[in-house]
Amino acid sequence: MARSMEGRHVVVTGGSGALGGAVVARFAAAGAICHLPLRRMPEQPAFEVGPNILPIEGIDLSRQEDVDRFYDTVPDLWASVHAAGGFQMAPIVDASLDDFRRMMEINTVTAFACCRAAVRRMRADGMEGRIVNVAARPGLEPRRGARATAYTASKAAIVALTVALAEELKDDRILVNAVAPSTLDTPSNSAQMPNADTSKWVPLKAAAEAIFHLGSPANMASSGAVLPLYGRA
Ligand SMILES: NC(=O)c1ccc[n+]([C@@H]2O[C@H](COP(=O)([O-])OP(=O)(O)OC[C@H]3O[C@@H](n4cnc5c(N)ncnc54)[C@H](OP(=O)(O)O)[C@@H]3O)[C@@H](O)[C@H]2O)c1
């Protein structure tokens, strides 16, 4: 089999977001066919819908039935990249249990549900495959997660999920990895931190390139890795 991405089917979650949009652009530029599960189409999508970019609306990735229904539409799944997620900064007394549940749901539950559905599809199609989760620096280094404990716990769970699943799938030819970015250079971060030194942040293209490598056939042996993407921070 050719080792390029040309014509390979890839799921990218969070495709309407900053990182997901950059990941879609990178895979599509390499000729992959990108399937995007979206709750709703953004008003100004960063991607251009066409034969290589196929959004499907009405998918809430924290709902198993939505996730399974979506993955059932994807033929010959090669890679599944899980960039859906979110962030909340709040000292613990200001974070309610609902806030904690929301962080676990938006980050961990969506990643678990997509890993599960991707493995089902890859096995059913008899495919070799790649799964890439998106953790975050505090998930690897929880001391950095002060005042964002719910977020940190949800990302640490993604680290554990990634490593455990990589072990579980050793005999399936499905390689499972994650990236752990520090602050990404996104429009939203720039708006919220107008005085920050953005040269220390990780460019979206750089993060997308790392994810692309882990999700491509060029990654022949790495599994269970959580790749720090810390820029100059
Ligand atoms: N930005 C950073 O500095 C940074 C740093 C480290 C890690 N990360 C992680 O990187 C990932 C992407 O970050 P980002 O900055 O690109 O975030 P973003 O722009 O807010 O995008 C998040 C995406 O996730 C989607 N999403 C969330 N919950 C969903 C659900 N239940 N079902 C379907 N889609 C859902 C959102 O869809 P909607 O449009 O429907 O809301 C959106 O497309 C996240 O996991 C984040 O924690 C980000």
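# Helix packing and a few telling residues

Trainee: How many helices and strands are there in the chain?
Mentor: Happy to start there, and do keep in mind that this is a predicted model. Counting along the chain gives seven helices and nine strands.

Trainee: Is the chain as compact as a globular protein of that length, or less so, and what is the radius of gyration?
Mentor: The globule rule gives 17 Å for 233 residues. The chain comes close to that value, so it is as compact as a globular protein of that length. Along the principal axes, the C-alpha trace spans about 50 × 35 × 35 Å. The radius of gyration is 17 Å.

Trainee: What percentage of the contacts in the chain with a separation of 6 or more comes from residues 24 or more positions apart?
Mentor: Some background on burial helps here: buried residues make up 45% of the 233 residues. As for the contacts with a separation of 6 or more, the share from residues 24 or more positions apart is 67%.

Trainee: Let's turn to the helices. Are H3 and H5 roughly parallel or roughly antiparallel?
Mentor: H3 covers residues 97-124 and H5 covers residues 149-168. Their axes come within 8 Å and cross at roughly 20 degrees. That angle is under 35 degrees, so H3 and H5 are roughly parallel.

Trainee: How many nonpolar residues does the contact of H3 with H5 have?
Mentor: On the H3 side, the residues include Phe100, Met103, Met104 and Phe112. Among those they meet in H5 are Tyr151, Ile158, Leu161 and Leu165. The contact also has three polar and two charged residues, and its nonpolar count is 12.

Trainee: At what angle do H2 and H3 pack?
Mentor: H2 passes H3 in a right-handed crossing. Gln64, Val67, Asp68 and Tyr71 of H2 meet Ala113, Cys114, Ala117, Ala118 and Arg121 of H3. By class, these residues divide into six nonpolar, one polar and two charged. The axes are 10 Å apart, and the angle is about 35 degrees.

Trainee: Is H1 oblique or roughly parallel to H7?
Mentor: The axes of H1 (residues 18-29) and H7 come within 9 Å. They cross at roughly 60 degrees, and the crossing is right-handed. An angle like that makes H1 and H7 oblique.

Trainee: How many charged residues are in the contact of H1 with H7?
Mentor: From H1, the contact is made by Ala18, Leu19, Ala22, Val23, Ala25, Arg26 and Phe27. From H7, the partners are Leu204, Lys205, Ala207, Ala208, Glu209, Ile211 and Phe212. They divide into 11 nonpolar residues, no polar ones, and a charged count of three.

Trainee: Is Ala208 buried or exposed?
Mentor: Ala208 lies in helix H7, residues 204-215. Leaving aside neighbours within four places in sequence, Ala208 is in contact with Ala22, Val23, Ala25 and Arg26. Ala208 has 24 C-beta neighbours inside 10 Å, and the cut-off is 20 or more, so Ala208 counts as buried.

Trainee: What separates the C-alpha atoms of Ala208 and Ala25?
Mentor: Along the chain these two residues are 183 residues apart. In space, their C-alpha atoms are separated by 8.6 Å.

Trainee: How many other C-beta atoms does Val132 have within 10 Å?
Mentor: Val132 lies in strand E5, residues 129-134. Not counting residues up to four places away in sequence, Val132 touches Val81, His82, Asn177, Ala178, Val179, Ile211, Leu214 and Gly215. Val132 is buried, and its count of other C-beta atoms within 10 Å is 27.

Trainee: Now for the loops. Is Asp76 buried or partly exposed?
Mentor: Asp76 is found in the loop between helix H2 (64-71) and strand E4 (77-82). Its phi is positive, about 40 degrees, although Asp76 is not a glycine. With 14 other C-beta atoms within 10 Å, Asp76 is partly exposed.

Trainee: What is phi of Arg147 near?
Mentor: Look in the loop between helix H4 (137-140) and H5. Arg147 counts as exposed, with 12 C-beta neighbours inside 10 Å. Its phi is positive in a residue other than glycine, and the value is near 65 degrees.

Notes:
Residues numbered from 1 in each chain as written. Predicted model: local features only at pLDDT ≥ 70, side-chain atom pairs only at ≥ 80, totals over all residues. Axes fitted to C-alpha atoms, helices over the stretch in contact; angles between N-to-C directions. Helix = DSSP H or I, 4+ residues; strand = E, 2+ residues; numbered from the N terminus. Parallel < 35°, antiparallel > 145°, perpendicular 65-115°, else oblique. Contact = placed C-beta atoms within 7 Å. Nonpolar A, V, L, I, M, F, W, Y, C, P; charged D, E, K, R; others polar. Rg over C-alpha atoms; globule rule 2.2 N^0.38 Å. Left-handed = near helix turned anticlockwise from the far one by under 90°.
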